[in-house]
Amino acid sequence: NIDGYNSENYSLGVYSVQNIVTNDFQIGSRTALFPAPYDGQLDEIAVWNQALTANNVKQLYNYGVPNIPSPIGYWTMDDNEVSGSTLLDRALRLDGTISGATTGVSGQINEALTFGTSDFIGLGNSLNEVITGADVQWSISFWIKPASTMTLNIIFGKLADSTCTEDQRQFSIRLGASSRIDFLFYGSLVSSDYRNVIGTTS
């Protein structure tokens, strides 16, 4: 959903993960070996371990995260929730470690953080439960203000430093070509095996 309205989206059906890559979740970049840094401002990032309803989406756009119950991670990016190199999690679960991103810029709600070509926030591995197991449901919300039209810039993700193995999974949310926002899930294929691929739109 973009600005409270449905946009085209894709589902991989039951997303069962046997083995998540060990790299940290990151905001604003990918990995040290294959960085794809985001350039611009990010504000009000929140993650839920449930699928949000259409009404939830409207409430988020119009009134903000506090109107949707129980996010498992909520980073306002406000100046008063940055302490040194620590970005506080309003959900009191997963504080982030800031590497380079700076405060002091107006956000969509209060302040935002500015990311440059080598900036990111590390979140560790505590969100693994969000994308593991069968019948996984999760949602993410954020405000974005890119500084450029560059593509493949990672907004949020958990990716390997190299090709992942057959049973490993990784994902990212990134700026794509032609002003798209891409939601990507990765897993290696074995050429000698059949693999079921299902796509849906709603």
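**Figure legend 1. The enclosed space in the predicted model.** A cavity is a set of points on a 1 Å grid over the protein atoms alone where a 1.4 Å probe fits but cannot get out, and its volume is the space filled by probe spheres set on the points, which are joined across faces, edges and corners. In this predicted model, local features need pLDDT of at least 70 and side-chain atom pairs count only at pLDDT 80 or more, whereas totals for chains, interfaces and linings use all residues. Residues are numbered from 1 along each chain as its sequence is written, and side-chain values use heavy atoms, with hydrogens and water left out. A search of the whole structure for cavities of 30 Å³ or more returns 1, and the space in the largest cavity comes to about 30 Å³. Its lining, meaning residues with an atom within 4 Å of a point, is made up of Glu44, Leu60, Gly64, Val65, Ile109, Ser141 and Trp143. Sorted by class, the lining comprises 4 nonpolar, 2 polar and 1 charged residues, where Asp, Glu, Lys and Arg count as charged, Ala, Val, Leu, Ile, Met, Phe, Trp, Tyr, Cys and Pro as nonpolar, and the others, Gly among them, as polar.

**Figure legend 2. Glu44, a lining residue of the largest cavity.** Glu44 belongs to strand E3, which covers residues 40-48; strands (at least two residues) and helices (at least four) are DSSP runs, numbered from the N terminus. The relative accessibility of Glu44 is 3%, so Glu44 counts as buried (under 20%, against over 50% for exposed and partly exposed in between, with a 1.4 Å probe and protein chains only). Phi of Glu44 is near 50°, a positive value in a residue other than glycine. Leaving aside residues up to four places away in sequence, Glu44 touches Val65, Tyr74, Trp75, Thr76, Met77, Asp78, Ile109, Ser141, Phe142 and Trp143, a touch or contact being heavy atoms within 4.5 Å. Among these partners, Val65, Ile109, Ser141 and Trp143 also appear in the lining of the largest cavity. The C-alpha atoms of Glu44 and Gly107 lie 8.6 Å apart in space, although 63 residues separate the two in sequence.

**Figure legend 3. Ser141 on strand E11.** Ser141, which also lines the largest cavity, sits in strand E11, spanning residues 139-146. With 16% relative accessibility, Ser141 counts as buried. Beyond residues up to four places away in sequence, its contacts are with Glu44, Ile45, Ala46, Trp48 and Leu60; of these partners, Glu44 and Leu60 are also lining residues of the largest cavity.

**Figure legend 4. Asn110 in a loop between two strands.** The loop that holds Asn110 joins strand E8 (102-106) and strand E9 (111-115). Phi of Asn110 is near 60°, which is again positive in a residue other than glycine. Is Asn110 buried or exposed? The relative accessibility of Asn110 is 52%, and therefore Asn110 counts as exposed.

**Figure legend 5. Ile27 and its contacts.** Ile27 lies in strand E2 and counts as buried because its relative accessibility is 0%. Apart from residues up to four places away in sequence, Ile27 touches Leu42, Ile45, Met77, Phe115, Phe120, Ile121, Leu123, Ile155 and Phe156. One of these partners, Ile121, is 94 residues from Ile27 in sequence, yet their C-alpha atoms are 5.0 Å apart in space. Ser29, placed in the loop between E2 and E3, has a relative accessibility of 6% and so counts as buried. The C-alpha atoms of Ser29 and Asp119 are 7.1 Å apart, while the two residues are 90 residues apart along the chain.

**Figure legend 6. The aromatic pair of Phe25 and Phe156.** The structure has 3 aromatic pairs, that is, rings of Phe, Tyr and Trp (its six-membered ring) with centres within 6.5 Å, classed as stacked for planes under 30 degrees apart, edge-to-face for over 60 and tilted for the rest. In the pair of Phe25 and Phe156, which is tilted, the ring centres are 6.0 Å apart and the planes make an angle of 35°. Phe25 lies in the loop between strand E1 (19-20) and strand E2 (26-27) and Phe156 in strand E12 (residues 154-158), so the pair ties together parts 131 residues apart in sequence. Phe25 and Phe156 are both buried, and Phe156 is also one of the residues that Ile27 touches.

**Figure legend 7. The protein chain as a whole.** The protein chain contains 1 helix and 14 strands. Of its 202 residues, 40% count as buried. Among contacts with a separation of 6 or more in the protein chain, 64% come from residues 24 or more positions apart.

How values were computed:
1 Å grid on protein atoms, 1.4 Å probe; cavity = no way out; pocket = protein on both sides within 12 Å on 5 of 7 lines; lining within 4 Å.
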